[in-house]
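Here's a quick briefing to read alongside the structure. Pull up the view, and let's walk through it topic by topic.

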Amino acid sequence: MHLFTSTVGRKVLMAVTGLLLVGFITVHLLGNLSVFAGSEAINIYAEKLHSLGPIVWIFRLVMLALFAIHITFGIKLTVENSAATPEQYAIQVSQKTTFAAKSMIYTGLIILVFLLYHLLHFTLHVVHTGAVATLEPLVNGRLNVFAMVGNSFTSAFVSIVYVIAMIAVAFHVTHGIQSFVQTLGWNNGTSQDKVTAVGKLAAVAYGVLYVAIPLAFLFHIVKV
Ligand code: HEM
């Protein structure tokens with residue numbers, strides 16, 4: 001099996017990169033939830049991350065490679081699948097394809113556009129510069145990431161963009177989890193229904209917890 005050229009190889013690449021990306025969004029979610037523990041918590045968390053120096057850049061390169069592989073082969077598989085199945089309607093009905101499965105390419109593209117916007121916002125600081133400027137003055141010698149995030153989400157526009165993107169993440173993860181469990185052969189003895197249920201439960205948890213962050217600031221439940 002050639003990893004990059006055979007269909008099975010590409011599916012394995014999608015599964016492994018997808019699994020690692022789920023790992024990333026889990027750690028990223030836990031870090032971001034620290035906004036609920038008061039302003040200092042996320043500022044300390046961000047300072048610790050930035051203090052890792054070269055490790056941060058290695059991590060960024062790995063992330064870039066994971067996203068690039070996942071997106072490239074995701075698009076390729078979608079194009080190939082649609083070319084190979086002209087009678088898509090009949091096939092989808094017979095396989096009881098879910099909405100999450102059918103919309104993988106669309107939720108994936110929404111996440112891609114979100115990611116570019118998100119990096120321009122919180123990493124490169126080139127959009128929503130008013131809110132980004134509140135990174136300074138430093139608080140206890142640290143950049144005020146809490147103020148940057150909080151002031152960004154008090155804008156209804158920014159919050160709605162994030163809520164839409166986080167719903168796309170939740171749908172993508174629902175089918176993604178089922179898919180990589182199946183591709184990597186981890187469902188030995190476990191019924192498909194159980195795997196589906198775990199995928200759904202995890203996706204609801206990601207959706208609710210991620211959406212809670214912008215909404216908490218928008219509705220002033222957490223105050224900047
Ligand atoms: C409510 C949702 C989210 C919030 C509040 C949030 C917050 C942040 C913040 C504050 C940063 C900058 C970290 C720093 O440099 O100090 C960041 C970076 C980043 N976020 Fe998010 N994020 C969210 C959702 C997501 C999602 C769903 C993804 C992936 C699909 C994602 C991917 C990234 C990536 C790749 C970076 C760049 C990391 C780096 O600079 O090395 N984020 N996020």
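Which residues in α1 meet which residues in α9? On the α1 side they are Lys11, Val12, Ala15, Gly18, Leu19, Val22 and Ile25, and on the α9 side Val169, Val173, Phe180 and Thr183. Keep in mind that this is a predicted model.

**The overall picture**
- The chain has 10 helices and 0 strands, so if you read along the sequence you get the pattern α-α-α-α-α-α-α-α-α-α.
- Taken along the principal axes, the C-alpha atoms fill a box of roughly 60 × 35 × 35 Å.

**α1 against α9**
- The axes of α1 and α9 are 9 Å apart, and the two helices pack at an angle of about 130°.
- That angle makes α1 oblique to α9, since values between 115 and 145 degrees fall outside the perpendicular and antiparallel ranges.
- The crossing of α1 past α9 is left-handed.
- Sorted by class, this contact of α1 with α9 has 8 nonpolar, 2 polar and 1 charged residues.

**α6 against α9**
- Helix α6 covers residues 104-123 and helix α9 covers residues 156-183; their axes come within 9 Å and cross at roughly 135°.
- α6 and α9 are therefore oblique to each other.
- Here too you're looking at a left-handed crossing, with α6 passing α9.
- From α6, the contact takes in Met104, Thr107, Gly108, Ile110, Ile111, Phe114, Tyr117, His118, His121 and Phe122.
- From α9, the residues are Phe157, Val158, Val161, Tyr162, Ala165, Met166, Ala168, Val169, Phe171, His172, His175 and Gly176.
- The class count for α6 with α9 is 15 nonpolar, 7 polar and no charged residues.
- Val169 is worth clicking on: it is listed in the contact with α6 and also meets α1.

**The iron site**
- Two histidines are the protein donors of the ligand's iron atom: His28 and His118, each through NE2, lying 2.0 Å from it.
- The iron atom has 6 donor atoms, with angles of 87 to 179° among them, and the site is octahedral.
- This pair links distant parts of the chain, with His28 in helix α1 (residues 7-32) and His118 in helix α6, 90 residues apart.
- So His118 does double duty in this list, because the contact of α6 with α9 includes His118, with contact meaning heavy atoms within 4.5 Å.

**Backbone oddities in the loops**
- Glu136 and Pro137 are joined by a cis peptide bond, with omega about 5°.
- You'll find Pro137 in the loop between α7 (129-132) and α8 (145-153).
- His125 has a positive phi, near 60°, and is a residue other than glycine.
- Look for His125 in the loop between α6 and α7.

Note on methods. Residues numbered from 1 in each chain as written. Predicted model: local features only at pLDDT ≥ 70, side-chain atom pairs only at ≥ 80, totals over all residues. Heavy atoms only, no water. Axes fitted to C-alpha atoms, helices over the stretch in contact; angles between N-to-C directions. Helix = DSSP H or I, 4+ residues; strand = E, 2+ residues; numbered from the N terminus. Parallel < 35°, antiparallel > 145°, perpendicular 65-115°, else oblique. Left-handed = near helix turned anticlockwise from the far one by under 90°. Nonpolar A, V, L, I, M, F, W, Y, C, P; charged D, E, K, R; others polar. Donors = N, O, S within 2.8 Å, 3.2 Å for Na, K, Ca; no water. Tetrahedral: all angles 85-135°; square planar, octahedral: opposite > 155°, others 65-115°.
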